[in-house]
Amino acid sequence: MYTQALNTQDQAPSAASDPLADARFQARVDAEERIEPNDAMPEAYRRTLTRQIAQHAHSEIVGMLPEGNWITRAPSLKRKAALLAKVQDEGGHGAYLYAAAETLGTSREQMEEQLLSGAAKYSSIFNYPTLTWADIGIIGWLVDGAAIMNQIPLCRCSYGPYARAMVRVCKEESFHQRQGYEIMIALARGTPAQKQMAQEALDRWWWPVLMMFGPPDKDSQHTESAMRWKIKRFTNDELRQKFVDATVPQGHFLGLTFPDPALTFDAATQHWNYGEIDWAEFKRVVAGDGPCNRQRMKQMRAKHADNAWVREAATAFARKRRQRAEAMPIAAE
Amino acid sequence: MSDQNWPLWEVFIRTRNGLSHRHVGSVHAVDATMALHAARDTYTRRGEGLSVWVVPSASITASDPADKDMMFEPTASKIYRHPTFYEIPDEVGHM
């Protein structure tokens with residue numbers, strides 16, 4: 001979903017770089033060779049990727065919260081089963097991504113600690129609340145739709161383990177988007193109240209979803225190195241435009257109206273033009289002042305603390321079994 | 001104590017009989033049994049496999065990518081190991 005990490009400045013002091021080694025590395029990347037875990041790589045590449053993959057993983061894990069909010073209140077058994085499977089997938093995506101990030105030398109526990117301490121970020125979109133059932137439809141249709149736009153090019157990312165994790169993720173996202181759009185169709189064809197619920201959800205989520213792609217290219221100076229290293233294949237604005245072009249007709253099929261009076265089809269360019277995004281809101285949410293930032297962090301920390309006994313019990317059980325196994329041959333003698 | 005790092009396990013899955021097990025990723029687990037369960041939950045939610053192997057990551061000895069020329073160059077220079085090195089007249093037909 002979530003390449004917003006590529007837009008933040010790397011504050012760590014840059015390690016002494018070796019121009020010759022860097023040039024060799026760049027030549028491999030330019031030749032579309034995949035970089036694998038033990039290969040030589042510039043420290044800045046390792047740091048950028050670690051932060052990016054970790055933020056992506058954190059987004060999948062935090063993303064379970066807004067949807068988990070509706071599991072017990074899903075309107076039918078079919079919807080409940082689908083939502084449970086989807087939330088489980090998000091946990092799985094987090095696990096694939098942590099595994100990919102660990103190949104760069106940072107442990108999952110360290111990454112988890114950075115999330116819980118607030119040092120690491122996750123996608124801005126998960127700081128918005130899921131107020132009605134229609135929001136679950138919107139998350140599948142739009143949030144996962146935006147994620148797919150972002151993640152398909154990541155399947156060709158220069159770092160092998162990240163690219164391979166993305167292939168698995170993309171296969172599963174397609175189910176997520178289709179189940180979300182089906183929820184939207186059911187509401188749009190339902191009673192006037194249901195249709196209104198669908199419209200209100202679109203009104204709430206449309207702009208935050210467009211912000212998922214990150215700041216406009218003119219304000220995103222870090223896109224350059226991510227593109228040069230072939231971590232990123234398209235700029236923020238290119239991906240946003242692809243998403244708008246793909247999504248607007250889907251919304252019109254539902255009979256819904258997008259909350260943007262400037263949204264018009266340009267016959268010359270064959271693209272949908274959209275209005276000005278409120279980047280002040282984006283900055284506020286990323287800085288921690290969105291509608292749900294504090295609640296999400298509180299839930300994540302509580303979950304980590306509440307599950308401590310499970311981790312302790314598993315460790316104790318494994319130790320006991322190991323000791324028994326070691327004692328066995330002696331008992332047999 | 002609960003937050004100490006759990007061992008890492010590499011996961012290999014056979015997607016169907018007739019194919020070899022293939023590396024798919026890794027999981028953290030306290031022991032082999034838990035690693036198998038975690039691997040099943042993480043990597044086979046849609047019928048991706050019929051068999052799972054988990055191997056402690058620490059048990060894998062890997063070649064160093066920096067040594068790849070020394071390790072693998074001889075296979076490139078010994079072209080006589082390939083069938084196309086040998087000339088067979090066209091009249092003989094496919095061999």
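This report walks through the main pocket, the chain A–chain B interface and two backbone oddities in a predicted model.

**The pocket**

Let's start with the open space. The largest pocket holds about 1300 Å³, and its lining runs to 39 residues. If you want to centre a view on the pocket, look for A:I61, A:A95, A:R108, A:E112 and A:K303, which lie nearest its centre.

Which elements build the wall? From chain A, α3 (64-68), α4 (77-102), α5 (108-117), α12 (293-306) and α13 (308-332) each give at least two lining residues, and so do β2 (22-28) and α1 (32-43) of chain B. The largest share belongs to α4(A), with eight residues. In terms of chemistry, the lining splits into 16 nonpolar, 13 polar and 10 charged residues.

**The interface**

Now for the two chains themselves. On the chain A side 25 residues are in contact with chain B, where 20 residues take part. Together the chains bury about 2000 Å², and carbon and sulfur atoms make up 49% of that area. Within chain A, the residues that lose the most area to chain B are A:E109, A:R168 and A:T315, which together account for 24% of what that side buries.

Polar links are there too. Five salt bridges cross between chain A and chain B. One of the salt bridges joins A:E172 to B:R46, with the closest N and O atoms 3.3 Å apart. Counting residue pairs in polar contact, with both partners at pLDDT 80 or more, gives 11 between the chains.

On chain A, the side that touches chain B draws at least two residues from each of α4, α5, α7 (160-188) and α13. By class, that side has seven nonpolar, seven polar and 11 charged residues. Note that α4, α5 and α13 of chain A turn up in the pocket lining as well.

**Two positive phi angles**

Finally, a couple of backbone spots to look at. A:K230 and A:Q270 each have a positive phi, though A:K230 is not a glycine and neither is A:Q270. Here are their angles and places:

| Residue | Phi | Loop in chain A |
|---|---|---|
| A:K230 | about 55° | between α9 (223-228) and α10 (236-253) |
| A:Q270 | about 65° | between β1 (264-266) and β2 (271-273) |

So A:K230 sits in a loop between two helices, α9 and α10, while the loop holding A:Q270 lies between the strands β1 and β2 of chain A.

Notes:
Residues numbered from 1 in each chain as written. Chains lettered and ligands numbered in written order. Predicted model: local features only at pLDDT ≥ 70, side-chain atom pairs only at ≥ 80, totals over all residues. Heavy atoms only, no water. 1 Å grid on protein atoms, 1.4 Å probe; cavity = no way out; pocket = protein on both sides within 12 Å on 5 of 7 lines; lining within 4 Å. Points joined across faces, edges and corners; volume = space filled by probe spheres on them. Helix = DSSP H or I, 4+ residues; strand = E, 2+ residues; numbered from the N terminus. Nonpolar A, V, L, I, M, F, W, Y, C, P; charged D, E, K, R; others polar. Contact = heavy atoms within 4.5 Å. Buried area = accessible area lost by both parts, 1.4 Å probe. Salt bridge = Lys/Arg side-chain N within 4 Å of Asp/Glu carboxyl O. Polar contact = N/O pair within 3.5 Å; in protein donor to acceptor, adjacent residues only side chain to side chain.
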